[in-house]
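Visitor: I'm new to reading protein structures, and I'd love a close look at the helices in this one. Could you walk me through them slowly, one after another?

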Amino acid sequence: MGTVKLVDLKKVYDKNVVAVEKANLEIAEGEFLVLLGPSGCGKTTIMRMIAGLEEVTEGKVYLDGKDITNLEPRHRNIGMVFQRYAMWPHMTIRENIAFPLKLKKYPKKKINETIDRVAKMTAIEPYLDRHINQLSGGQCQRAAVARAVAYEPKIFLMDEPLSALDAKIRESMRTDLKEIQRKSGTTTIFVTHDQAEALSLADRIVVMKMGEIMQIGTPEEVYDDCEHMFIADFIGTPPTNFFDAKVKVSKNGCKLINEDFKIEYTGKYVESLKAYDDKEVVLGIRPENMTLATEAEKSFISLKCGVVEPQGAFKVIVIYINNKKVKMVVNGDRKVKQGDLIHIGYKKNKIMLFDKETQKRIR
């Protein structure tokens with residue numbers, strides 16, 4: 001098995017600096033869970049408390065139902081993969097993989113069988129007799145993963161293992177890591193500040209901000225159904241466009257009135273929105289949920305196109321609404337250029353509304 005449970009986990013450093021504030025989380029066996037957030041949000045601190053590398057201030061850490069909060073790291077049966085590979089430079093890759101197995105007193109035959117198995121799984125068979133300084137960054141990281149897999153831990157902990165790689169290798173390694181994790185079936189906790197890594201790798205994502213868990217959900221849930229303005233802004237490229245809008249309730253639904261445009265809201269949260277009658281809320285629309293309408297009457301605003309940024313399969317269009325920079329994403333084959341008068345619509349079922357004070361989603 002390899003289940004993890006955190007109960008009211010808290011970490012406070014000297015001078016009352018709270019790094020993690022009462023984290024509660026359950027991770028299922030075989031799950032690939034990603035802790036996502038900006039630098040300093042507490043994600044690595046949580047991982048280090050699970051590993052036993054950081055003392056827990058309050059709360060409990062459970063592994064397979066057993067309290068391991070105060071257990072020494074070497075007794076936790078946890079495999080770790082770091083940003084820097086942490087491989088012995090004087091040993092070959094084969095020797096690096098074998099080293100922890102020898103400490104566990106595996107027989108030589110089992111060590112060799114294990115090395116062959118994990119080398120095949122991680123595609124490093126041709127490099128087993130090389131040293132770490134003879135490998136590329138991606139090969140080094142696969143070798144580090146192979147060593148962790150060989151140890152047969154109950155869980156993997158990966159602390160930004162791809163951040164030192166260049167963009168092309170990083171993208172390739174994302175696929176490799178996901179395939180390796182699926183083959184091994186080992187519960188994995190992955191720490192990153194990179195939303196692309198989180199969205200592509202995770203079964204579930206834990207989004208963190210300033211020591212607090214903001215939302216836990218599948219990649220689709222945290223992207224399409226954000227609980228907080230921070231998440232809508234942090235996840236997505238380009239990020240969500242936000243507008244202030246006053247709510248006006250009518251018999252037919254609600255109107256959202258900005259000083260530059262007006263839209264009808266008839267979505268599933270219309271009843272909740274009635275409590276905001278004559279108050280301002282924040283309207284969020286992701287760039288890909290804004291559309292180019294063919295006629296002015298089908299749009300909520302018409303204005304001149306600003307900069308156009310071709311990206312191959314899609315284009316990013318920059319517009320200005322009351323001097324506020326707004327971005328929208330359209331198909332790459334759409335013919336539009338700077339200075340064109342464009343009519344802008346939106347996908348009605350994709351609007352997000354947030355309380356202006358709490359910044360939480362209105363539901």
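**A walk along the helices**

Guide: Let's start with helix α1, residues 43–51, which is mostly covered: 7 of its 9 residues are buried. Keep in mind as we go that this is a predicted model. Which residues of α1 are the buried ones? They are Lys43, Thr45, Ile46, Met47, Met49, Ile50 and Ala51. It helps to recall here that an α-helix has 3.6 residues a turn, so residues three or four places apart point the same way. Now step just past the end of α1, and you meet Gly52, which takes a positive phi of about 90 degrees.

Next comes helix α2, which covers residues 93–103. Here the buried residues are Ile93, Asn96, Ile97, Ala98, Pro100 and Leu101. What covers them? The cover over the buried residues of α2 includes α3 and α4. After α2 there is again a residue to pause at: Lys105 follows this helix, and its phi is positive, near 65 degrees.

Since α3 and α4 both help to cover α2, let's see how these two helices sit against each other. Helix α3 spans residues 108–122 and helix α4 spans residues 137–150. Their axes come within 9 Å and cross at roughly 135 degrees. Because of that angle, α3 counts as oblique to α4. The crossing in which α3 passes α4 is right-handed.

You can find the place where they meet by picking out side chains in your viewer. On the α3 side, look for Thr114, Arg117, Val118, Met121 and Thr122. On the α4 side, their partners are Arg142, Val145, Ala146, Val149 and Ala150. What kinds of residues make up this contact? They divide into 6 nonpolar, 2 polar and 2 charged. Try colouring them by type, and you can trace that mix across both helices.

So that you can compare a helix with another kind of element, finish with a residue in a strand. Ile321 lies in strand β18, residues 314–321. Is Ile321 buried or exposed? With a relative accessible area of 4%, Ile321 is buried, because buried means under 20%. Leaving out residues up to four places away in sequence, Ile321 touches Phe243, Asp260, Phe261, Ile301, Leu303 and Val326.

Technical notes: Residues numbered from 1 in each chain as written. Predicted model: local features only at pLDDT ≥ 70, side-chain atom pairs only at ≥ 80, totals over all residues. Heavy atoms only, no water. Axes fitted to C-alpha atoms, helices over the stretch in contact; angles between N-to-C directions. Helix = DSSP H or I, 4+ residues; strand = E, 2+ residues; numbered from the N terminus. Parallel < 35°, antiparallel > 145°, perpendicular 65-115°, else oblique. Left-handed = near helix turned anticlockwise from the far one by under 90°. Contact = heavy atoms within 4.5 Å. Nonpolar A, V, L, I, M, F, W, Y, C, P; charged D, E, K, R; others polar. Buried < 20%, exposed > 50% of the residue type's maximum accessible area, 1.4 Å probe, protein only.
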